[in-house]
Amino acid sequence: MDIIDLHCDVLEKLTRLEEADFQNDGRLHANLNHLKAGKVKVQVFAIFVHPSVPQKEKFLEAARQIEAFHTKVLSKTEMVHITDWRQLDELKEGEIGAVLSLEGCDCIGDDLEKLQLLINAGVKIVGLTWNDENTVAYGTSELPSKGIKPFGHKVIQLLNKHDIILDVAHLNEQGFYEVLPLAKHIIASHCNARSLCNHPRNLTDGQIKALVQYGGRIHVVFYPPFVEQDKESTTINNLLQHIQYLTTLVGVESIGFGSDFDGMDPLSIEKLSNASEYPNLINALLKSYSTDEVLMMASKGFKDFVMEVGKA
Ligand SMILES: [Zn+2]
């Protein structure tokens with residue numbers, strides 16, 4: 001079954017790890033061989049600039065990750081750069097779509113032109129923050145009561161103008177509720193249910209319902225601390241509990257996957273430690289859901305969502 005995965009951090013690793021080979025480097029969870037074995041049809045590649053990078057070097061670091069995307073990911077014949085969502089319907093057998101996203105606007109500072117350059121480079125999904133405050137908004141490690149900053153409103157306008165999907169993962173609560181009526185297209189690319197795992201990176205029932213009311217979706221994340229707190233080991237069954245909770249809350253049409261592979265070392269869910277193990281999750285889901293329902297969560301729901309992007 002084809003899978004669309006909304007979040008991995010392999011670009012950051014490709015720039016950091018010496019001589020990392022996207023084809024089959026065992027240090028990479030979402031390398032090409034793993035994506036193929038897991039039947040991942042579309043992978044979103046996040047540009048993630050670590051907070052420890054000095055502000056004046058952040059944009060260069062983002063550019064380095066885009067360079068790695070071109071020279072190490074897209075250089076493989078199977079990979080197709082998705083710059084228009086309609087390409088998702090045109091992928092041939094054996095081809096894998098590759099989408100660029102930006103995990104937090106820290107690297108643009110207060111310069112809208114830098115965001116425009118990233119959009120020109122093909123970024124299709126943008127998160128306003130990582131965990132910390134930036135010029136745009138406040139992340140989940142900040143006070144939940146602080147909202148979107150004036151520059152953030154300019155950022156949202158630019159995203160809307162170019163039909164870029166706004167990603168609310170990592171955004172604090174006040175910011176989350178403020179962007180819902182402002183963003184044209186909205187998604188939570190890698191979050192779970194806070195009712196089951198009380199972590200600020202997860203969304204409350206109220207947030208999840210509001211997100212879906214505004215046409216958004218929630219893609220579950222495999223990072224163990226967001227699945228179950230205080231556990232020695234995390235299993236696929238633990239993740240299934242989130243999926244079951246969410247399907248009851250908002251339906252299979254609004255749920256997908258955003259693994260966070262390559263962003264969770266050294267932790268992982270048992271038997272779901274890299275992209276090649278996706279079939280273990282799919283097989284587990286097929287015990288509780290029909291094939292159509294699993295397909296909806298694995299890829300069709302997101303495809304239906306993006307086919308509407310840019311229409312109106
Ligand atoms: Zn993240």
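This is a short conversation about a predicted model of a protein chain with a zinc ion.

Biologist: Hello! What should I know about the model and its numbering before we start?

Modeller: Residues are numbered from 1 along each chain as its sequence is written, and side-chain values use heavy atoms, with hydrogens and water left out. The model is predicted, so local features need pLDDT of at least 70 and side-chain atom pairs count only at pLDDT 80 or more, while totals for chains, interfaces and linings use all residues.

Biologist: What makes a residue a donor of the zinc ion, and which ones are the protein donors?

Modeller: Donors are N, O and S atoms within 2.8 Å of the metal (3.2 Å for Na, K and Ca); water is not among the atoms, so sites may look incomplete. Glu103 (OE), His170 (NE2) and His190 (NE2) lie 2.0 to 2.2 Å from the zinc ion, so these residues meet the cut-off.

Biologist: What spacing do the donors follow along the chain?

Modeller: The spacing is E-x66-H-x19-H. Glu103 and His170 link distant parts of the chain, 67 residues apart: Glu103 is in strand 4 (residues 96-103), and His170 is in the loop between strand 6 (165-167) and helix 6 (173-179).

Biologist: Why is Glu103 called buried?

Modeller: Buried means under 20% relative accessible area, exposed means over 50%, and partly exposed is in between (1.4 Å probe, protein chains only). Glu103 has a relative accessible area of 10%, so Glu103 is buried. His170 has 6%, so the word buried applies to His170 too. For the protein chain, 58% of the 312 residues count as buried.

Biologist: How do you know what counts as a helix or a strand?

Modeller: Both are DSSP runs, numbered from the N terminus: helices (H or I) have at least four residues and strands (E) at least two. By that rule the protein chain comes to 11 helices and 9 strands.

Biologist: How do you know whether the radius of gyration agrees with a compact globule?

Modeller: The radius is taken over C-alpha atoms, and the globule rule is 2.2 Å times the number of residues to the power 0.38. For 312 residues a compact globule would have a radius near 20 Å; the protein chain has 18 Å, so the value agrees. Along its principal axes, the C-alpha trace spans about 50 × 45 × 45 Å.

Biologist: What is special about the phi of Asp163 and Asp260?

Modeller: Asp163 has phi near 55 degrees, a positive value in a residue other than glycine. Asp260 also has a positive phi, near 75 degrees. Asp163 lies in the loop between helix 5 (150-161) and strand 6, and Asp260 is in the loop between strand 9 and helix 10. With relative accessibility of 15%, Asp163 counts as buried; Asp260, at 7%, is buried as well.

Biologist: Which residues does a cis peptide bond join?

Modeller: The bond joins Asp265 and Pro266, with omega about 0 degrees. Pro266 sits in the loop between strand 9 (255-257) and helix 10 (278-286).

Biologist: Why is Thr291 called exposed, and what does Thr291 touch?

Modeller: Thr291 has a relative accessible area of 51%, so Thr291 is exposed. Thr291 lies in helix 11 (residues 291-307). Contact means heavy atoms within 4.5 Å, and Thr291 touches Met1 and Leu286, not counting residues up to four places away in sequence. Thr291 and Met1 are 290 residues apart in sequence and 9.1 Å apart in space, C-alpha to C-alpha.
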